[in-house]
Amino acid sequence: MWHLYTKKTREVGGEMVGHLLLCLWFSSLTVAVKMAFEEKYTIVNKTNQFVQLNCEASPDQLRTGIHWRLDGVPLSKNAHSNTLDLEVTDRPDAGNYSCHANSTAALLKHYYILIDVERQADKILEETNGKCITCQAERFGKTFTCFWKEREKAKFSASFHRDGWNGDSKGCVLTPCKTSDCTVQATCTDQTFSPYAEELRQITFTVETATSKRYKKYTEHFYIRDILKPAAPKEPTIIVRSHKLQVNWQYPDSWNSPHSYFPLQAQVSVELTCRKNKHKRHIWNKDAAVEPLIQCCDVPEIQHRPKRYQKISCYTENPSVVFSFTKKLSHKIGRICVRVRELFFNSTWSEPSCKSCQATKRSGRY
């Protein structure tokens with residue numbers, strides 16, 4: 001039995017006319033998307049399902065005899081017939097069924113049977129914060145990436161389609177895990193996407209997983225705007241003049257242009273050292289609770305306390321920020337970090353771009 005994936009597409013409301021109405025009507029149709037593993041495996045539900053396998057042996061091969069094997073081990077029950085009737089109830093019944101000629105042991109036909117565990121808490125991928133798959137896009141563009149961690153050795157197939165597509169899904173390029181935590185990455189390209197047009201149809205991203213006995217399909221639904229995570233901005237430049245600190249930041253090269261049409265919001269953080277921990281580095285904790293930010297133009301004049309570590313954070317759309325201090329800044333700036341996100345959709349923050357200042361001058365650029 002083949003395992004088909006059926007997805008009811010999203011309906012877009014509102015009053016439409018003419019050609020647009022016709023397009024949206026098509027997008028509300030039910031679309032059957034062909035999965036990549038269909039042609040490789042026979043996938044059955046774990047509900048005492050009956051499967052019939054056919055050796056397709058020739059009359060001469062049948063006269064000399066044939067036999068069936070499961071994972072290379074000869075079967076005893078109904079093992080010499082051209083057809084093999086199976087009742088798949090659990091993992092021991094799944095695996096590689098092969099038919100061989102008795103005289104030469106040549107392989108005549110084989111089937112790979114997997115048990116679909118989609119509706120069971122039998123996970124092949126690791127789960128973090130309730131999700132097994134994370135997808136990201138560095139810009140409003142045609143390319144996005146998704147990644148996941150495997151709990152055990154498995155084979156993968158990754159694909160995607162837009163709601164309303166009537167046909168096969170588009171395959172993604174897999175990068176196998178190379179690190180100790182075994183993260184697999186899929187890179188997908190949607191040639192229909194335009195950053196200048198409204199994105200009306202969601203993407204359905206699908207990962208098919210197969211172990212030696214089990215099959216499970218994972219899906220994620222999103223728009224490109226939902227998964228934006230810009231690259232880190234360029235390293236900030238710093239200008240110190242007596243009681244003033246100027247921080248300049250620039251957009252990452254990979255972000256869309258013109259920047260006036262695709263604006264980013266920056267979070268600027270300034271760390272001020274204390275006497276006891278002048279050279280101590282404070283790590284930017286991206287998982288820490290986010291404090292309410294104020295606009296950088298609303299930051300009041302800062303009074304540095306020499307015996308206490310301080311961190312000033314604010315947000316801005318301007319490429320240059322100036323902080324005012326009550327005292328001179330000689331030997332007090334520890335580190336300055338800038339991270340960015342898409343302005344209108346409140347995307348995920350980028351990784352920070354930081355610059356350490358071991359010492360400052362009365363006037364200087366860093």
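**Strands and a pocket in a predicted model**

Student: How do you know that β10 and β11 pair?

Tutor: Three bridges join β10 to β11, and the two run antiparallel. Two strands pair if DSSP finds at least two bridges between them, strands being DSSP runs of E with at least two residues, numbered from the N terminus. Three bridges meet that cut-off, so β10 and β11 count as paired. The bridge partner of C135 is C146 in β11. This is a predicted model, where local features need pLDDT of at least 70, side-chain atom pairs count only at pLDDT 80 or more, and totals for chains, interfaces and linings use all residues. Residues are numbered from 1 along each chain as its sequence is written, and side-chain values use heavy atoms, with hydrogens and water left out.

Student: What makes β10 and β14 edge strands?

Tutor: Each pairs on one side only. The open sheet has four strands in the order β10-β11-β15-β14, with antiparallel pairing.

Student: Why is strand β12 called largely enclosed?

Tutor: Buried means under 20% relative accessible area (exposed is over 50%, partly exposed in between; 1.4 Å probe, protein chains only). Seven of the eight residues of β12 (155–162) are buried, so the rest of the structure largely encloses this strand.

Student: How do you know which strands β12 pairs with?

Tutor: Eight bridges join β12 to β16 (203–210), running antiparallel, and R162 stands opposite I203 in β16. Two bridges join β12 to β13 (170–171), also antiparallel; there, S159 has G171 as its bridge partner. Both counts satisfy the rule of at least two bridges, so β12 pairs with β16 and with β13.
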